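Student: Could you take a careful look with me at one part of this model, and then follow the elements that lead away from it? I am in my first year, so please explain each term when it comes up.

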Amino acid sequence: MSKEWNLETIAVQGGYDPKPIEPRVLPLFQSTTFKYDSAEHVAKLFDLDAADHMYSRISNPTVAAFEAKVTALEAGVAALATSSGQAATSLAILNICQAGQHVVAASTLYGGTYSLFSNTLPKLGIEVTFVDPECSEEELLNAFRDETRLLFAETIGNPGLNVLDFVKFSTVAKTMEVPLIIDNTFPTPALCRPFEFGADIVVHSTTKYIDGHATSVGGIIVDSGNFNWDNGKYPELTEPDKSYHGLKYLEKFGNLAYIVKARVQWMRDLGACQSPFNAFLKNIGLETLPMRMDRHSTNALTLAQYLEKHDCVSWVNYPGLESHPSYAKTQTYLPRGASGVMTFGIKGGSEAGRKFMEGTKLIALVVHVGDARSCVLHPASTTHRQLSDAEQIASGVTDDMIRISVGIEHIDDIIEDVDQALRNSQS
Ligand SMILES: Cc1ncc(COP(=O)(O)O)c(C=O)c1O
């Protein structure tokens, strides 16, 4: 489908274009394998001289349609769906960074990503330097080394909810000739398309808003096709790959090289693929994504404004609020809405927080965000629990912080539930 369609149209019809008599709805190809007539055809597949499906760890028609739709929504050139958001981030990095090399990352990250960067990547020989995303351009530049191979950040930090300064981050990435990789999970392409602001690669936890109904874990890596890999820093893309008879990815695949390599090398070897059934569900989720993101955003803004005046609440953090430090950046990068996640400080600290979470009736205590149903969590004792106190503060987590993922229910019902639970939490 043409990239010229509007976002809402791509969300419904992108990625799958049936011919006459074919099913109108994207079919679920629940098959590991595909049939061929000749050994020569199979040999061509293994030599990457034919692009047909070979084995569902590498590619599958249902997953491919989902990848094509997300690619079109992000206005990129290619995508690779993965088993989870964590797998997407891991593969996006391992594809261009190896032992002895280095990553610069914003410190305001989802707890699992922070842990991947601070514990697991170093075990593989990849060091990560965290920077305060509000640092100056000079401080950001100073975090780089000769071995730095990428810059990483979230569009909206989870759970700090700071909006990224794309100009600063993309300028520095360009100066240092490394790709800017953005986790765009919270806004989704319905609210922000990072490639328009200089990002080179986007990753998502599709588990969240892209699925939207909390049915399946998944992730995706999308490439803009804009980064120049031929700058001497990425021989894995420009020099022969021994595991593919000396294939040179950039030479053979041009601006698709990054995703082809991630698929045929890393997905082949690590196997963190997305199941066809999950891609089938996520494709249905995508059909309503723009509508849902509008509703999540307006509901969250209304609740945030209500909480700002509530006497049981000491602070409210939502990037759509005028009082928020990121408000100007929200206007620039998220003009259609600031997504559905917000945090607030409850008077009475963690004990009141516990009572609040146990006291909501409509809003469920769930380790999740991005569901059509509203949900609530205490990050310090759950998602960010493995982090030290200092790491929690660096990633924006405090003891009195409650995180709400505001769903698409009627806002009056959400407010009523929050109010009764807040009042009960103070007794
Ligand atoms: C911003 C962000 N990125 C990545 C992830 C990891 O995704 P997954 O749980 O699908 O592995 C999460 C999970 O909450 C997240 O919030």
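Tutor: In the place where the domains touch, 33 residues of domain 1 are in contact with 35 residues of domain 2, where contact means that the C-beta atoms of two residues, placed from the backbone, lie within 7 Å. This is a predicted model, in which local features need pLDDT of at least 70 and side-chain atom pairs count only at pLDDT 80 or more, while totals for chains, interfaces and linings use all residues. Residues are numbered from 1 along each chain as its sequence is written. Domain 1 covers 7–285 and domain 2 covers 289–425, with bounds that come from an automatic or database domain assignment, and their centres, taken over C-alpha atoms, are separated by 28 Å.

On the side of domain 1 that touches domain 2, the elements giving two or more residues are helix 1 (7–13), helix 5 and helix 8 (188–191). Helices (H or I, at least four residues) and strands (E, at least two) are DSSP runs, numbered from the N terminus. This side has 19 nonpolar, eleven polar and three charged residues; Ala, Val, Leu, Ile, Met, Phe, Trp, Tyr, Cys and Pro count as nonpolar, Asp, Glu, Lys and Arg as charged, and the others, Gly among them, as polar. Helix 8 also holds threonine 188, a residue with a positive phi of about 65 degrees although it is not a glycine. Most residues other than glycine have a negative phi, and most peptide bonds are trans. A departure of the second kind is the cis peptide bond from asparagine 158 to proline 159, with omega near 5 degrees, and proline 159 sits in the loop between strand 4 (148–154) and helix 7 (166–175).

Helix 5 can be followed further into domain 1. The axes of helix 4 and helix 5 come within 10 Å and cross at roughly 35 degrees; such axes are lines fitted to C-alpha atoms, for helices over the stretch in contact, and angles run from 0 to 180 degrees between N-to-C directions. Helix 4 passes helix 5 in a right-handed crossing, which is the name used if the near helix is turned clockwise from the far one by less than a right angle, an anticlockwise turn being left-handed. Gln86, Thr89 and Ser90 of helix 4 meet Gly112, Thr113 and Leu116 of helix 5 in this contact, and these residues divide into one nonpolar, five polar and no charged.

Helix 4 (85–94) and helix 5 (111–123) are also the elements that give two or more residues to the shell around the ligand. In that shell 15 residues surround the ligand, and Ser84, Gly85, Tyr110, Ser205 and Thr207 are the closest; a residue counts as near if its C-beta atom, placed from the backbone, lies within 6 Å. By class, the shell has three nonpolar, ten polar and two charged residues.

Helix 5 leads to a sheet as well, since the helix lies across strand 2 (102–106), strand 3 and strand 5, running at about 145 degrees to strand 3. Seven strands form this open sheet in the order 1-7-6-5-4-2-3, and the pairing is mixed, where two strands pair if DSSP finds at least two bridges between them. Strand 1 (78–82) and strand 3 (127–131) stand at the edges, each with a single partner strand, so one side of each has no neighbour in the sheet. From one strand to the next, the twist averages 20 degrees. Strand 5 (residues 180–183) and strand 6 (residues 201–205) pair in the parallel sense over three bridges, and isoleucine 181 has isoleucine 201 of strand 6 as its bridge partner. Helix 11 (residues 257–270) lies across strand 1 and strand 7 (219–223), at about 30 degrees to strand 1.

A second open sheet has five strands in the order 8-9-12-11-10, again with mixed pairing. Here strand 8 (313–317) and strand 10 (364–365) are at the edges, each with a single partner strand, so one side of each is left without a neighbour in the sheet. Strand 9 (residues 341–346) and strand 12 (residues 401–405) run antiparallel and are joined by five bridges, with methionine 401 of strand 12 as the bridge partner of glycine 345.
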